[in-house]
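Trainee: Could you take a close look at one part of this model with me? I'd like to go through a single helix and whatever it packs against.

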Amino acid sequence: MAFFPALPFISLFVGMLLWGSSFVAFKYAVMFFDPIVVVFMRMALSGFLFLLVLPRWRPRNLRREDLGFMVFMALCEPCFYFVFEGQALTLTSASQAGMVAATLPILVAVCAGFFLGEQLTSRSWTGLVLALAGVVWVSISGVATETAPRPLLGNFLELLAMFCAAGYTVSMKKLCARYSPWFLTAVQSMVGTVFFFPLLFLPSTALPVAFPVGPSLAVLYLCVFISIGAYGFYNYGISKLPAWQATAFVNLIPVFSMLLGWLCLDERLNFSQLAGVGVVFAGVLLCQQWPETENRNTLVRDLSEEGALVESVTVSLDGTSLESVLVPVRGKD
């Protein structure tokens, strides 16, 4: 039974691992296809796959007042998020963009405090800042290999992308109270398909004249494992955990992408980068509140506020198994 409370954490970990792999697949795909074409194809294919299982993810009651909120969520991400980040990466280096992207957990924490009433402990803030420092460490430890013609503008556009991601996360958290995270993932794909379709006809968009097997499989991977899998796992984690806590896992994405680049593309990691990876993992773990401990501490606090002293007592449930329970030993005078 102890496995089930860990499902949101496992889901987020797997989601970040998949997102980290998306950089390798996307980089390979855009060697043959225009980036707008790649994004549209992954949105359209994932939307089509969701339609095939429409009865499974369609909610029984769809509130009209939530429709605008769903559209806002999908416009934030994937729509404007991909527009801002795609343009940012043409103007600034990947390392600098990675440093800006590491601000997402802080932005979500602030937004969740204002709009969702989520409160962070000093330990949680310490973990978020530590994870942020680790990402910055990893980013600045590498040697830039791409040109950055306008880094100031590029970093500003990346920051706008992070604001979009924060708006998406808070919206998702609010909507998950009434809808399945998989249904909301389907909404993202369908709105994204409608949004990116007109962009195919821009003069700057190069439409494909052939579909090589390798790049086409990369697009299919982005569709199934990223647009459906990674977003689905991430949305499930958001539905079960506070938004700021789930978003702390986002700091793992550049770590996984760097490790997968080392494994798949023979990119090298220096000692300083490996140390930064360790700091990121430590920060993410530090800001987590594990369910069993959190529930136990909440019970102790509630009983203490009522003026009761409690102690842990081990009891036998069936003659063989043992379980520790909290019992009051003195009530309010």
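Mentor: Sure, here's a walk around helix 4 and its partners, with a stop at a surface patch at the end. Keep in mind that this is a predicted model.

Helix 4 covers residues 67-88, and there's an oddity in it to look at before the packing. Proline 78 sits in this helix, and the peptide bond leading into proline 78 from glutamate 77 is cis, with omega near 25 degrees. So if you're scanning backbone torsions, the step from glutamate 77 to proline 78 is one to pull up.

Now the packing. What angle do helix 4 and helix 8 make with each other? About 160 degrees, with the axes 8 Å apart, where helix 8 is residues 151-175. Anything over 145 degrees counts as roughly antiparallel, so that's the label for helix 4 against helix 8. As for handedness, the two cross in a left-handed sense. The residues in this contact break down as 18 nonpolar, 4 polar and 4 charged.

Helix 4 has another partner in helix 9, residues 181-196. Here the axes come within 9 Å and cross at roughly 55 degrees, which makes helix 4 oblique to helix 9. This crossing is right-handed, whereas the one between helix 4 and helix 8 is left-handed.

Let's follow helix 8 a step further, to helix 6 (residues 104-115). The axes of helix 6 and helix 8 cross at roughly 45 degrees and come within 9 Å, so helix 6 is oblique to helix 8. The handedness of that crossing is right-handed.

Last stop, the surface. There's a nonpolar patch there with about 870 Å² of accessible area together, made of Leu45, Phe48, Leu49, Leu52, Val53, Val213, Leu217, Leu220, Val224 and Phe225. Which helices each supply at least two of its residues? Helix 2 (35-52) and helix 10 (213-240). Helix 10 gives the most, with 5 residues, and phenylalanine 225 is a residue of helix 10.

To put the helix 4 picture back together: helix 4 runs roughly antiparallel to helix 8, lies oblique to helix 9, and holds proline 78, which follows a cis peptide bond.

How values were computed: Residues numbered from 1 in each chain as written. Predicted model: local features only at pLDDT ≥ 70, side-chain atom pairs only at ≥ 80, totals over all residues. Heavy atoms only, no water. Axes fitted to C-alpha atoms, helices over the stretch in contact; angles between N-to-C directions. Helix = DSSP H or I, 4+ residues; strand = E, 2+ residues; numbered from the N terminus. Parallel < 35°, antiparallel > 145°, perpendicular 65-115°, else oblique. Left-handed = near helix turned anticlockwise from the far one by under 90°. Nonpolar A, V, L, I, M, F, W, Y, C, P; charged D, E, K, R; others polar. Patch = residues over 30% accessible without salt bridge, like charges linked within 9 Å, V, L, I, M, F, W, Y side chains within 5 Å. Areas by Shrake-Rupley, 256 points an atom, 1.4 Å probe, with all protein chains shown as cover. Salt bridge = Lys/Arg side-chain N within 4 Å of Asp/Glu carboxyl O.
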